[in-house]
Amino acid sequence: MFSHLMMAIFSGIIVPGTIRSVTALVVTAVFCFNAFFNLGVGPIPWATAGEMTPRYAMTAMSGIGTGIGYISTFAIGVIFPAINNWWGNYTFLFFLAWNMIAVVFIFFFIPETRDRPIEETVRLHSTGIHTVLGSKYATVPIDHKTEVYVRDEDASLMDGESSIAQVVE
């Protein structure tokens, strides 16, 4: 969230810098915008996979997140010239607006995962499309009973009973 907020601020600084042709201000603001992207928003596909998904899905989710990140970066590169032609010196207001929307979205809809085990985060927030406003900061103790699937040596793989569930405490 801090990264998006700082990117919005530097987008806002770029606009008056381009209007008044203050090259040093524009270059510095673009550098800072890029730095906050690379230190915050850029690595999110890798961090989210480790904090928001169960262990068995981390690799797939990291790949999906990385793909979405690269496709989004490519899309920005493709649409930037058109936005620049339409809006001229006000182009970075587009990025300011999207970053402020991201700040609001993150504040209200992205759950806090600090000091929570992955299993608890997945259990609390894996209900499909959901709102986490009521439980964003609440922590719930983990139920230590877990289902473990053990292979039954006497059953064949084809009969559908090759695994039995045991509750482990």
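The paragraphs below lead through a predicted model, from its overall make-up to its helix pairs and a few single residues.

In this predicted model, local features need pLDDT of at least 70 and side-chain atom pairs count only at pLDDT 80 or more, while totals for chains, interfaces and linings use all residues. Residues are numbered from 1 along each chain as its sequence is written, and side-chain values use heavy atoms, with hydrogens and water left out.

The chain holds six helices and two strands, where helices (H or I, at least four residues) and strands (E, at least two) are DSSP runs numbered from the N terminus. Read from the N terminus, the elements follow the order α-α-α-α-α-α-β-β. Of the 169 residues in the chain, 25% are buried; buried means under 20% relative accessible area, exposed means over 50%, and partly exposed lies in between, with a 1.4 Å probe and protein chains only. Among contacts (heavy atoms within 4.5 Å) in the chain between residues at least 6 apart in sequence, 45% join residues at least 24 apart.

Helix H1 covers residues 2-19. Its 18 residues reach 26 Å from the first C-alpha to the last, close to the 26 Å expected at 1.5 Å a residue, the expected span of a helix being 1.5 Å times one less than its number of residues. The buried residues of H1 include Ser-3, His-4, Met-6, Met-7, Ala-8 and Phe-10 in its earlier part, as well as Ser-11, Ile-14, Val-15 and Gly-17, and the buried residues of this helix pack against helix H2 (23-41) and against H5. His-4 may serve as an example: with a relative accessible area of 12%, His-4 is buried, and, leaving aside neighbours within four places in sequence, His-4 is in contact with Val-41, Asn-99, Ala-102, Val-103 and Ile-106.

Two packed helices are described by the angle between their axes and the distance between the axes. For H1 and H5, the axes come within 8 Å and cross at roughly 160°, which makes H1 roughly antiparallel to H5. Axes here are lines fitted to C-alpha atoms, for helices over the stretch in contact, and angles run from 0 to 180 degrees between N-to-C directions; angles under 35 degrees count as roughly parallel, over 145 as roughly antiparallel, 65 to 115 as roughly perpendicular and the rest as oblique. The crossing of H1 and H5 is left-handed, a crossing being left-handed if the near helix is turned anticlockwise from the far one by less than a right angle, and right-handed if clockwise. The residues of H1 that meet H5 include His-4, Ala-8, Ser-11 and Val-15, and among their partners on the H5 side are Phe-92, Leu-96, Asn-99, Val-103 and Ile-106.

Just after H1 comes Ser-21, in the loop between H1 and H2. Phi of Ser-21 is near 55°, a positive value in a residue other than glycine, and Ser-21 is exposed, with a relative accessible area of 59%.

Helix H4 (residues 58-87) has 30 residues, which at 1.5 Å a residue should span 44 Å, and its end C-alpha atoms are 40 Å apart, in agreement with that value. H4 bends by about 35° at Ile-79, with a proline, Pro-81, following within four residues; the bend at a residue is the angle between axes fitted to the seven residues ending there and the seven starting there. Ser-62, Gly-65, Thr-66 and Ile-83 are buried in H4, and the buried residues of this helix pack against helix H3 (44-52) and helix H5 (92-109). Just after H4, Gly-88 takes a positive phi of about 60°.

H3 and H4 pack at an angle of about 155°, their axes lying 8 Å apart, which makes H3 roughly antiparallel to H4, and their crossing is right-handed. In this contact, Pro-45, Trp-46, Ala-49 and Gly-50 of H3 meet a set of H4 residues that includes Met-58, Met-61, Ser-62, Gly-65 and Tyr-70. Ser-62, at 16% relative accessibility, counts as buried, and apart from neighbours within four places in sequence, Ser-62 is in contact with Pro-45, Trp-46 and Ala-49. Gly-63, also placed in helix H4, counts as partly exposed at 43% relative accessibility; the C-alpha atoms of Gly-63 and Ala-49, 14 residues apart along the chain, are separated by 8.9 Å.
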